[in-house]
Amino acid sequence: MHTPNSPHTVGTSATLSATEITSARLRLRAARDVDRDGFIELQTDPQVRLHLGGPRPRSVVEQYLDTLGVARVTDKPGTFVIADRATDHLVGTLLLHRRPADLPGHVTEQGGELELTYVLRRAAWGAGLAFEAATAALRAAASELPDQPVLIVTQTANTRSLALAARLGFRPVSTFEAYEAEQTLAMTGLHSFLAG
């Protein structure tokens, strides 16, 4: 179930317009001030950030949230807090954005493909929540956008993320070097997530 917020999402340059998406255990929603501690944990936990460039200093994350405002973290369409549906507590974040053409890792000449990224708090690992959140977001996108490639880019060393990508139906396409590590580019078609 999703709620579109505007009709401006026609064409392949658009991203997901839904502002809230629900699944059996999760609610993908906008950020709220009560999510502050969760955002700080996601950015500063060494295990969560192991394949994401390492933990960020807590003071830097706090300053960023104070300057921007926690509620504005999800202002960009396709940006969600992953919250537990029963408690509404933040368990992670999910983004479905366009991959900038100036970054490496594309399957089309012009770039700008949809790219799925997600990160979960360590306490939420191993329960299938990333799979559930990603499936819900991609089903919502498939119901409103034309069929097109969707990408996942992750460090090749991140075997957990690669296994999840495979479970979602993404297949490895290529590898490339970025951020001083080998990255794997995986792809699937958006309409493979249309509810049957």
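The following exchange asks what lies behind several descriptions of this predicted model.

Me: What makes the chain as compact as a globular protein of its length?
Reply: The chain comes to four helices and nine strands, which follow the pattern β-β-β-α-α-β-β-β-α-β-α-β-β along the sequence. Its radius of gyration is 16 Å, close to the 16 Å that the globule rule gives for 196 residues, so the chain is as compact as a globular protein of that length. Along its principal axes the C-alpha trace spans about 40 × 40 × 30 Å, and 45% of the 196 residues count as buried.

Me: Why is Leu 16 called buried?
Reply: The cut-off for a buried residue is under 20% relative accessible area, and Leu 16 has a relative accessibility of 0%, so it counts as buried. Leu 16 lies in a loop, the one between strand 1 (2-4) and strand 2 (18-22).

Me: Why does His 97 count as buried, and which residues does it touch?
Reply: With a relative accessibility of 13%, set against a limit of under 20%, His 97 counts as buried. His 97 belongs to strand 5 (residues 90-98), and, leaving out residues up to four places away in sequence, it touches Thr 15, Lys 76, Pro 77, Gly 78, Thr 79, Glu 113, Leu 114 and Glu 115.

Me: What makes the pairing of the side chains of His 97 and Thr 79 a polar contact?
Reply: The two side chains come to 2.6 Å, whereas the limit for a pair of N or O atoms is within 3.5 Å, with one atom able to donate a hydrogen and the other to accept it. The pair of His 97 and Thr 79 is therefore a polar contact between side chains.

Me: How do you know that Thr 93 is buried, and what is it in contact with?
Reply: Thr 93, which is also placed in strand 5, has a relative accessible area of 13%, and since the cut-off is under 20%, Thr 93 is buried. Leaving aside neighbours within four places in sequence, Thr 93 is in contact with Phe 39, Leu 42, Phe 80, Ile 82, Thr 117, Tyr 118 and Val 119. Of these, Phe 39 and Leu 42 are among the buried residues of helix 1 (residues 36-44), and the buried residues of that helix pack against helix 2 (58-68), strand 4, strand 5 and strand 6.

Me: Why is helix 3 described as largely enclosed by the rest of the structure?
Reply: Twelve of the 16 residues of helix 3 are buried, so the helix is largely enclosed by the rest of the structure. The buried residues include Leu 129, Glu 132, Thr 135 and Leu 138. Helix 3 reaches 23 Å from its first C-alpha to its last, close to the 22 Å expected at 1.5 Å a residue.

Me: What makes up the largest nonpolar core, and which element gives the most to it?
Reply: The largest nonpolar core has 36 residues, and those with the most contacts inside it are Ile 21, Leu 94, Leu 116 and Phe 170. Among the elements that each supply at least two residues of this core are strand 2, strand 5, helix 3 (129-144) and helix 4 (159-168). Helix 3 gives the most, with ten residues. Apart from this core lies another, of twelve residues, among them Ala 31, Phe 39, Val 70 and Ala 83.

Me: How do you know that strand 2 and strand 3 pair?
Reply: Pairing needs at least two bridges, and two bridges join strand 2 to strand 3, which run antiparallel, so the requirement is met. One of the partnerships is that of Thr 22 with Arg 27 in strand 3, and a hairpin joins these two strands through three residues. Strand 3 is also joined to strand 4, by four bridges in an antiparallel arrangement, and the bridge partner of Arg 29 in strand 4 is Val 81.

Me: Why is Glu 180 called exposed, whereas Asp 88 is called partly exposed?
Reply: Exposed means over 50% relative accessible area, so Glu 180, with 85%, is exposed. Asp 88, with 22%, falls between the limits of 20% and 50% and is therefore partly exposed. Glu 180 is found in the loop between strand 8 (171-178) and strand 9 (181-189), and Asp 88 in the loop between strand 4 and strand 5. Phi is near 60° in Glu 180 and near 70° in Asp 88. Most residues other than glycine have a negative phi.

Conventions: Residues numbered from 1 in each chain as written. Predicted model: local features only at pLDDT ≥ 70, side-chain atom pairs only at ≥ 80, totals over all residues. Heavy atoms only, no water. Buried < 20%, exposed > 50% of the residue type's maximum accessible area, 1.4 Å probe, protein only. Contact = heavy atoms within 4.5 Å. Core = buried A, V, L, I, M, F, W, Y, C linked by side-chain atoms within 4.5 Å. Expected span 1.5 Å × (residues − 1). Rg over C-alpha atoms; globule rule 2.2 N^0.38 Å.
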